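Hi,

Here is the structure I promised to pass on. Have a look at it first, and then read on for my notes.

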Amino acid sequence: MKITLLTHAKELNRTDNTGILCRDLPDVSLEVVVWQRKSPDEQLLQALASGALLITPKGDGEQQLDVNNCSHFVLLDATWQEAQKMYNRSDYLKAARWYAFDDPAPSKYHLRRNQIPGGLCTAECVLTLLQQKAMHHSAAQLQQRFEHYLAD
């Protein structure tokens with residue numbers, strides 16, 4: 001499985017970024033792409049055009065897609081306010097195929113303010129994908145990392 005974190009530049013130096021927990025998981029190729037408003041990454045555009053799914057708490061319109069039929073996922077790695085701005089300013093994201101988790105468990109991540117209902121942090125999104133795709137070994141590793149992170 002491949003995961004692209006489309007990361008806001010401010011997120012790169014934040015100590016409360018959970019995207020870093022997703023590195024070096026078995027059977028997961030993780031790529032970090034810094035979001036650029038005016039010149040999006042060409043490989044990202046190609047991936048979206050080739051069927052990569054944008055993971056979102058809610059999408060535009062009705063779209064029922066099966067994560068099991070996809071091997072490449074794109075996540076917006078930012079605060080919820082920044083992620084919303086990234087989405088709103090990026091027509092290529094609005095045109096992407098998307099997937100929203102059905103009734104996700106409440107987020108356990110409370111290190112940032114202004115969480116949205118149903119909003120998961122980056123690590124929780126990846127964990128949910130791993131669980132839905134029955135990638136139990138990777139999911140267990142990420143779950144352990146996330147719990148340790150929250151305990152610190």
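Which residues form a nonpolar patch on the surface? They are Leu12, Val32 and Val34, and together they have about 210 Å² of accessible area. Before you go further, keep in mind that this is a predicted model.

Let's stay with Val34 for a moment. This residue lies in strand β2. Its relative accessibility is 31%, so Val34 counts as partly exposed; the range for that label runs from 20% to 50%.

Now for the strands, starting with β1. Strand β1 covers residues 2-7 and is mostly covered itself, with five of its six residues buried. It has β2 as a parallel partner, and six bridges join the two. If you want a place to find this pairing on screen, go to Ile3, which stands opposite Leu30 in β2.

β1 also pairs with β4 (residues 72-77), again in the parallel sense and over six bridges. Ile3 is a handy marker here too: its bridge partner in β4 is Phe73. Another pair to click on is Thr7, which stands opposite Asp77 in β4.

Then there is β3, made of residues 53-55. Three bridges join β3 to β4, and these strands run parallel. Look for Leu53 here, as it stands opposite Phe73 in β4. So Phe73 is worth finding: it is the bridge partner of Ile3 in β1, and it has Leu53 opposite it as well.

How many of the residues of β4 are buried? Six of the six are, so β4 is largely enclosed by the rest of the structure. In a regular strand the side chains alternate between the two faces of the sheet. In β4, His72, Val74 and Leu76 point one way, while Phe73, Leu75 and Asp77 point the other way. Both sets are buried.

Back on the surface, there is a charged patch to look at. Lys10, Arg37, Lys38, Lys85 and Arg89 form a positive surface patch. One of them, Lys38, lies in the loop between β2 (29-34) and α1 (42-49). Is Lys38 buried or exposed? Its relative accessibility is 78%, so Lys38 counts as exposed; the cut-off for that is over 50%.

If you open the model with one thing in mind, I'd begin at β4, where you can follow the pairing to β1 and to β3, and then turn to the patches on the surface.

Cheers

Key. Residues are numbered from 1 along each chain as its sequence is written. This is a predicted model: local features need pLDDT of at least 70, side-chain atom pairs count only at pLDDT 80 or more; totals for chains, interfaces and linings use all residues. Side-chain values use heavy atoms; hydrogens and water are left out. Patches are made of residues with over 30% relative accessible area and no salt bridge: like charges are joined within 9 Å, nonpolar side chains (Val, Leu, Ile, Met, Phe, Trp, Tyr) within 5 Å. Accessible areas come from the Shrake-Rupley method with a 1.4 Å probe; for residues, only the protein chains shown count as cover. A salt bridge is a side-chain nitrogen of Lys or Arg within 4 Å of a carboxyl oxygen of Asp or Glu. Lys and Arg count as positive and Asp and Glu as negative; His and the chain ends are not counted. The place of a charge is taken as NZ of Lys, CZ of Arg, CG of Asp or CD of Glu. Helices (H or I, at least four residues) and strands (E, at least two) are DSSP runs, numbered from the N terminus. Buried means under 20% relative accessible area, exposed over 50%, partly exposed in between (1.4 Å probe, protein chains only). Two strands pair if DSSP finds at least two bridges between them.
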